[in-house]
Amino acid sequence: MVTIPYHRGVLVTTIIPVYNRPAKLQEAVASVLAQTYRPIEIVIVDDGSTDDTAAVATALAAEHPEIRVLHQSNGGPGAARETGRQTARGAFIQHLDSDDVLLPRKFELQVAGLTAHPECGASYGWTRFRRRDGSVVPEPWKRSGERIATMFPAMLQSRWWDTPNPLYRASLLGPWTNLRIEEDWEYDARIAAHGVKLHYVEAWVCEVREHGDARVSGQGHSPATLRDRAHAHALILEHARRAGIAADAPEMQYYARELFLLARQCGAAGLAEESARLFSLARDASINANSRQFRLYALAAKLLGWRAAGKLADWRDSLRW
């Protein structure tokens with residue numbers, strides 16, 4: 001294995017939360033061990049697995065001194081990452097979901113970039129997306145093929161990279177929330193609020209894969225999922241305002257529309273408190289706060305209640321299709 005003597009001594013910690021994915025965990029860990037960069041440590045956080053994942057993780061640690069394994073009751077990916085963060089010793093932190101992999105030169109390229117550019121707090125490159133049938137999307141996934149100077153304001157429109165893509169300076173990172181959905185977007189938005197500058201690698205650095213396993217992000221519009229999404233969205237707006245994103249910025253107006261949509265979805269699911277809060281935030285964030293759409297929805301919520309207003313909006317949206 002090739003090592004990079006110039007950077008030797010700058011430890012990179014990879015945090016891998018895992019729940020019931022023994023085979024994929026082995027692949028994820030192997031991709032970290034295959035890095036051309038050293039030194040590394042790997043912190044596996046078994047999030048209350050009910051199969052043989054814990055045994056597989058323990059066996060990996062026994063075979064590789066770079067690996068430590070932590071166990072906790074199931075709390076979701078954010079809580080698991082926080083457990084890992086609290087014990088991480090590296091100057092740079094890599095987050096890796098157990099169903100994704102890193103490409104071999106990732107740490108080599110990104111540590112070199114961050115070392116050469118101390119003004120940058122994180123480094124990202126190209127994400128490769130592999131479909132379930134094994135085929136690969138030829139272009140970089142999401143917006144990872146674009147050179148973007150700072151996380152905000154683009155991070156307000158979407159989380160435009162995937163979890164394994166960025167390598168962060170550990171000094172940037174604070175605690176994770178206990179959210180089970182959109183916890184990663186909220187986390188990145190909180191970091192973005194500090195005006196973090198980005199280093200860009202024009203090379204493939206990671207691979208995310210489509211598969212048949214259940215993903216937390218695929219739970220649809222269940223009340224529990226919508227409740228967490230509502231909390232995450234409110235926090236993201238708070239971070240954006242702290243970053244000083246102008247009220248009339250296109251990204252802020254896009255996000256105001258997202259808040260309004262989520263308010264309607266929460267209402268239809270019977271989450272009246274979340275619906276009312278998001279509607280208020282959407283109206284405050286929008287430059288069209290007095291538009292006919294907002295006024296009519298407010299009237300419907302007052303007369304019919306937030307649930308009925310949300311269901312009515314869902315019905316109207318379905319007719320447009």
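A salt bridge is counted here when a side-chain nitrogen of Lys or Arg lies within 4 Å of a carboxyl oxygen of Asp or Glu, and by this rule the count comes to 18 salt bridges. The model is predicted, so local features need pLDDT of at least 70 and side-chain atom pairs count only at pLDDT 80 or more, while totals for chains, interfaces and linings use all residues. Residues are numbered from 1 along each chain as its sequence is written, and side-chain values use heavy atoms, with hydrogens and water left out.

**View 1. A salt bridge joins Glu 27 and Arg 209.** The N to O distance between these two side chains is 2.6 Å. The pair links distant parts of the chain, with Glu 27 in helix H1 (residues 22–33) and Arg 209 in strand S8 (residues 197–209), 182 residues apart; helices (H or I, at least four residues) and strands (E, at least two) are DSSP runs, numbered from the N terminus. Glu 27 is partly exposed because its relative accessibility is 38%, whereas Arg 209 counts as buried at 15% (buried means under 20% relative accessible area, exposed over 50%, and partly exposed in between, with a 1.4 Å probe and protein chains only).

**View 2. Arg 81 and Asp 97 meet in a salt bridge.** Their side chains come to 2.9 Å, N to O. Arg 81 lies in helix H3 (residues 77–87) and Asp 97 in the loop between strand S4 (92–95) and strand S5 (101–102), so the salt bridge ties together parts that are 16 residues apart in sequence. Arg 81 is buried, with a relative accessibility of 2%, and Asp 97 is buried as well, at 18%.

**View 3. Helices H6 and H7 pack against each other.** Helix H6 (residues 183–192) and helix H7 (residues 223–242) pack at an angle of about 15 degrees, with their axes 9 Å apart. H6 is therefore roughly parallel to H7, a term for angles under 35 degrees. The axes are lines fitted to C-alpha atoms, for helices over the stretch in contact, and angles run from 0 to 180 degrees between N-to-C directions.

**View 4. A nonpolar patch lies on the surface.** Leu 296, Leu 299, Leu 303, Leu 304, Leu 312 and Trp 315 make this patch of about 620 Å². Patches are made of residues with over 30% relative accessible area and no salt bridge, where like charges are joined within 9 Å and nonpolar side chains (Val, Leu, Ile, Met, Phe, Trp, Tyr) within 5 Å; accessible areas come from the Shrake-Rupley method with a 1.4 Å probe, and for residues only the protein chains shown count as cover. Helix H10 (292–304) and helix H11 (306–320) each supply at least two residues of the patch, and the largest share, four residues, comes from H10.

Conventions:
Angles under 35 degrees count as roughly parallel, over 145 as roughly antiparallel, 65 to 115 as roughly perpendicular and the rest as oblique.
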